[in-house]
Amino acid sequence: MSHAHRNARIPGFHRKSPQERLRIVAEFAGLDSATTDRLADTGGLDLDLADRLVENVVGSMNIPLGIATNMKVDGEDLLIPMATEESSVVAAVCNAARQCYDAGGFTTSMSGTLMIAQIQAIDVADPHAARLRVLDRRDDIKALCDGCDPVLLKFGGGFRDVEVRVIDSLGGPMLVTHLIVDTRDAMGANAVNTMAETLAPHIAQWTGGRVYLRILSNLADRRLARAHAVWPLDQIGGAEVRDGIISAYHFAAADPYRAATHNKGIMNGISAVVLATGNDTRAVEAGAHAYAARQGHYGSLTRFETTKDGALSGSIELPMAVGLIGGATKVHPTAQASLKILGVTSAERLARIIAAVGLAQNFSALKALATTGIQKGHMALHAQNIAMMAGAVGEEIERVARILVERGTVRQDVAQAVLQELRGA
Ligand SMILES: CC(C)(COP(=O)([O-])OP(=O)([O-])OC[C@H]1O[C@@H](n2cnc3c(N)ncnc32)[C@H](O)[C@@H]1OP(=O)([O-])[O-])[C@@H](O)C(=O)NCCC(=O)NCCSC(=O)C[C@@](C)(O)CC(=O)[O-]
Ligand SMILES: NC(=O)C1=CN([C@@H]2O[C@H](COP(=O)(O)OP(=O)(O)OC[C@H]3O[C@@H](n4cnc5c(N)ncnc54)[C@H](OP(=O)(O)O)[C@@H]3O)[C@@H](O)[C@H]2O)C=CC1
């Protein structure tokens, strides 16, 4: 069917109700009523709330929420809510946590809850002298920043420091002011952006330059979450498994093609908890990848080595700008439920738990890759998706998936053939 007559220029779409928008979309895309009913069913998320969270809402996209078991973090047993569409991600965390549980689980720490806001000034005649002029204004800067957010101050946050960098750019030297702000239990984007915008005219005046960008940096390297765990050899299957995992880490550390996949595996776990708690997945992902490239070479976010007793030691360190206040966290009921399951009362605790989940996820992926290969465990769980894609429903899904795994060919064409056999029988 030709869609040449369709017109996507729809003035005032944003002023319509979600129902009215859905009617327009259905007409535009030729959706049948089953599809529009599916979109209209928000799975319990209040449509009014959805419509306030983002723009031009017509429905909601539901993602499964799984619970990772076996996690012990800083001596506390935890159940971890994870929102993900990918099979075997939740199982992998359970599996890694099980293998270090008796050895004490994960120990974590955090460098602080400091965010950085950047103010860009160009056309500064004397950038190095201007840098000192800005630094001399530290007290004024502190007063201006703290004046922006009395609530944050009340909770012990606020301005902490100012740094000024002269960077070489394609357009010549650029003066970049960093405001370092403790945002406590908020991710802090709005607080630091407000401070940067408030300060900008003063920076222009003090430097004699022109100010353009005033925005936080997602390379939140003053907000590093760290986690560590030891996996005893008898839990993981021996020295060869340990050495395979360490060699996999060496591969990622040496090669960006591998590091991208290695870190993607880590983010499987991290993004799932970030999303489950209503935090900003893109902010955390940007921070993680920028941190992985901070030495001018994109490498691994984790490290694996042998302890003096021969066990496997794993650690992770990455920026973790997550909050309990603000964003969708406070208003999304599932995010609130996730926080209740975790029992966290500070953004720092949440960040540390998320780092531990990233390390667990990486351990399981590397162990699978260094031993049986990823397909065995991952595809066994993914087989149910393949069975559904082939048209299996109800009890057929489990039966088809089991046969696919037994035959060692988790493919859609095989699933279709198996389904036909079952239905013919
Ligand atoms: C899949 C497993 C866990 C099977 O592992 P297994 O050893 O075959 O399973 P098992 O039946 O012996 O069970 C062991 C434990 O795993 C957990 N477990 C086992 N099955 C389930 C399940 N259905 N639901 C929840 N938890 C499960 C559970 O904790 C269980 O203990 P138990 O509860 O029995 O005491 C294992 O093969 C594994 O960890 N694989 C790694 C999977 C993975 O990394 N998936 C991520 C997706 S692939 C990807 O995107 C990233 C990647 C791989 O490219 C990253 C990279 O390259 O670095
Ligand atoms: N590049 C990026 O990553 C960007 C991300 N964002 C988005 O910003 C959102 C997060 O913004 P964020 O600033 O965290 O949220 P909010 O501005 O919604 O909430 C933070 C505010 O809550 C108040 N507050 C109340 N209690 C506390 C407490 N205990 N600790 C700290 N603050 C407290 C503070 O003061 P007060 O009430 O006075 O405000 C604080 O400024 C996310 O949705 C993110 O997607 C936006 C722009 C850019």
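The paragraphs below lead through a predicted model, taking its two ligand sites, its nonpolar cores and its cysteines in turn.

A starting point is ligand 1, which is surrounded by 22 residues, the closest being Glu86, Ser88, Arg258, Lys264 and Asn268. Among the helices, helix 4, helix 11 (256-276), helix 14 and helix 15 (374-389) each contribute at least two residues to the shell around this ligand, and helix 11 gives the most, with 6 residues. Several polar approaches can be followed atom by atom: an oxygen atom of ligand 1 lies 3.0 Å from a polar side-chain atom of glutamate 86, while a polar side-chain atom of asparagine 95 is found 3.2 Å from an oxygen atom of the ligand. In the case of serine 88, the partner on ligand 1 is a nitrogen atom, placed 2.7 Å from an N or O atom in the serine side chain. Taken alone, ligand 1 exposes 1,100 Å², and the protein buries 63% of that area.

Serine 88 deserves a closer look, and its place in the chain is the loop between strand 2 (76-83) and helix 4 (89-101). Its relative accessible area is 18%, so serine 88 counts as buried, the limit being under 20%. Beyond the ligand, the side chain of serine 88 makes a polar contact of 2.7 Å with the side chain of histidine 378. If residues up to four places away in sequence are not counted, serine 88 touches His378 and Leu381.

The other site is that of ligand 2, which has 21 residues around it, with Asp149, Gly188, Asn190, Asn218 and Asp280 coming nearest. Two aspartates take part through their side chains: an N or O atom in the side chain of aspartate 149 is 2.6 Å from an oxygen atom of ligand 2, and for aspartate 280 the corresponding distance to an oxygen atom of the ligand is 2.6 Å. Asparagine 190, by contrast, contributes through its backbone, where a polar atom is 2.8 Å from an oxygen atom of ligand 2. On its own ligand 2 has 930 Å² of accessible area, of which the protein covers 71%.

Asparagine 193 can be located in helix 8 (residues 189-207). This residue counts as buried because its relative accessibility is 14%, under the limit of 20%. Leaving aside residues up to four places away in sequence, asparagine 193 touches Ile215 and Leu216.

Turning to the nonpolar interior, the largest core holds 61 residues, of which Met71, Ile80, Met82, Phe106, Trp231, Ile270 and Phe304 touch the most other members. Helix 14 (residues 347-370) gives the most to this core, with 11 residues. One of those well-connected members, isoleucine 270, touches Val284, Ile316, Leu318, Met320, Ile354 and Gly358 once residues up to four places away in sequence are set aside. A second core, separate from the largest one, has 30 residues, including Ile119, Phe159, Val164 and Val192. As general background, nonpolar side chains tend to be buried together in soluble globular proteins.

What, finally, does a search of the whole structure find in the way of disulfides? The search finds 0 of them. The sulfur nearest to that of cysteine 145 belongs to cysteine 148 and is 6.1 Å away; a disulfide would require the two sulfur atoms to be within 2.5 Å, so this pair does not qualify. Cysteine 148 is likewise in no disulfide. As to their surroundings, cysteine 145 is buried, at 0% relative accessibility, whereas cysteine 148 is partly exposed, with a relative accessible area of 24%.

Definitions and conventions
Residues numbered from 1 in each chain as written. Chains lettered and ligands numbered in written order. Predicted model: local features only at pLDDT ≥ 70, side-chain atom pairs only at ≥ 80, totals over all residues. Heavy atoms only, no water. Buried < 20%, exposed > 50% of the residue type's maximum accessible area, 1.4 Å probe, protein only. Core = buried A, V, L, I, M, F, W, Y, C linked by side-chain atoms within 4.5 Å. Helix = DSSP H or I, 4+ residues; strand = E, 2+ residues; numbered from the N terminus. Contact = heavy atoms within 4.5 Å. Near = heavy atom within 4 Å. Polar contact = N/O pair within 3.5 Å; in protein donor to acceptor, adjacent residues only side chain to side chain. Areas by Shrake-Rupley, 256 points an atom, 1.4 Å probe, with all protein chains shown as cover.
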